[in-house]
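Here is a short briefing to read alongside the model. Take a moment to get oriented, then follow the topics below.

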Amino acid sequence: MDEGKLRRLRERYGERGVFDSDDPVLAAAARQVQSPDGQRVAPYAGVPTFLDLPYRTDTSGLDVAAIGVPMDLGVSNRPGARFGPRAVRTIERIGPYHPTFRAVPRAAVRVADVGDVPFRSRYSLEQSLQDIENYYDALHALRVRPLSVGGDHSITYPILKALGRKAPVGLVHIDAHCDTMGAFDGSKFHHGGPFRLAVLDGVLDPERTIQIGIRGASNMYWEFSHASGMTVVYMEQFMRLGVEAVIEQARSVVGDGPVYISVDVDGFDPAFAPGTGTPEAGGLTAREGLALLRGLRGLDIVGADVVEVAPEYDPSTNTSLLAAQLLFEELALMALPH
Ligand code: MN
Ligand code: MN
């Protein structure tokens, strides 16, 4: 390096602080990230909330509400997703700046962690689903878009009922399983069937639904997905097509109408997300999943969730780390449509 260049670098950066940047986008983002007194808040300090968002129980006036849904009475196998919201809240250092979209999502909308859905009883699945529906109905009436952390996947059915009551929504669904199974063991309510119930209730449009990452032991149960006209991208097809082609397919399936995004962490390979109740080998990588979500920018997203984080099966906490990143990507899509 010539001495002139070194001298210029010393003049420019010798005393410069972390929030100073010549790039106007980065400088603006830095101003949005620092605290009012010009400090960087320590990521491990304070009471944990989703994505370090402010905690607020009054939902009126919000554009987006991050909600915990700690309920796993619908699991068919290993329980534990009731601990998902707490585990995802403890993850630090996700955002607030989005490096791909070059913006701070939480600065573009009014968003807060509004706590957990209140449940009347920890013992009744059907009553819990009704509690969720009531809570999301009230939120929807206030035009607050929900960003939820489960809980098992049965929670998405009452959420879709609240969001799709006036007109059915479209769906981008990442999962190892289609979750369009029928009743068994005397119950049609379980985490293997929310999207079948939502279609039959007229709140989810199967022809504007795409399911991505499907594989594994339950593949014999997905007749309803095909019969109703959903687009199912099995893992083998995903590998053949690649991420970019699947993004194009997803965008063309859901079109311009309102769309919900539902991400079951078991859509990812257990190498990335072992902390879940029904893991299936051979799934998406974290890189593929993040690229997929980023490719959905510009859609009319009315709500999103990340479900099936059962942290006790993952002492590494990487499942929660991935879930928090997925939640951040969903917030970015909702907050930064352009
Ligand atoms: Mn699922
Ligand atoms: Mn699943």
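Ser 262 stands opposite Asp 305, a residue of strand β8. In this predicted model, the two strands β7 (residues 258-264) and β8 (residues 300-307) run parallel and are joined by 7 bridges. From here the tour widens to the sheet, then moves on to the metal site and to one arginine.

**The sheet**
- β7 and β8 belong to an open sheet of 8 strands, paired in parallel and ordered β2-β1-β3-β8-β7-β4-β5-β6.
- The edges are taken by β2 (111-116) and β6 (231-234); each has a single partner strand, so one side of each has no neighbour in the sheet.
- From one strand to the next, the twist averages 15 degrees.

**Helices on the sheet**
- Helix α5 (residues 125-141) packs on the sheet, where it touches β1 (64-69), β2 and β3.
- The direction of α5 makes about 170 degrees with that of β1.
- Helix α6 also packs on the sheet, and its contacts there are with β3, β4, β5 (204-214), β7 and β8.
- For α6, the direction makes about 170 degrees with that of β7.

**The manganese site**
- Four residues coordinate the manganese ion (ligand 1): His 153 through ND1, and Asp 175, Asp 179 and Asp 264 through OD, at 2.1 to 2.2 Å.
- Along the chain, the donors of this ion follow the spacing H-x21-D-x3-D-x84-D.
- A second manganese ion (ligand 2) lies 3.2 Å from ligand 1, and Asp 175 coordinates both.
- His 153 and Asp 179 link distant parts of the chain, 26 residues apart: His 153 sits in the loop between β3 (145-150) and α6 (156-163), while Asp 179 sits in the loop between β4 (169-174) and α7.
- Both His 153 and Asp 179 are buried.

**Arg 196 and its surroundings**
- Where is Arg 196 placed? Arg 196 is in helix α7, which spans residues 194-200.
- Arg 196 counts as partly exposed because its relative accessibility is 26%, and the partly exposed class lies between 20% and 50%.
- Beyond its neighbours within four places in sequence, Arg 196 is in contact with Asp 179, Thr 180, Met 181, Gly 182 and Phe 224; Asp 179 is also one of the residues coordinating the manganese ion (ligand 1).
- A polar atom of the Arg 196 side chain lies 2.9 Å from the backbone oxygen of Thr 180.
- Gly 182 is 14 residues from Arg 196 in sequence, and their C-alpha atoms are 7.6 Å apart in space.

Definitions and conventions. Residues numbered from 1 in each chain as written. Chains lettered and ligands numbered in written order. Predicted model: local features only at pLDDT ≥ 70, side-chain atom pairs only at ≥ 80, totals over all residues. Heavy atoms only, no water. Helix = DSSP H or I, 4+ residues; strand = E, 2+ residues; numbered from the N terminus. Buried < 20%, exposed > 50% of the residue type's maximum accessible area, 1.4 Å probe, protein only. Contact = heavy atoms within 4.5 Å. Polar contact = N/O pair within 3.5 Å; in protein donor to acceptor, adjacent residues only side chain to side chain. Donors = N, O, S within 2.8 Å, 3.2 Å for Na, K, Ca; no water. Pairing = 2+ DSSP bridges. Axes fitted to C-alpha atoms, helices over the stretch in contact; angles between N-to-C directions.
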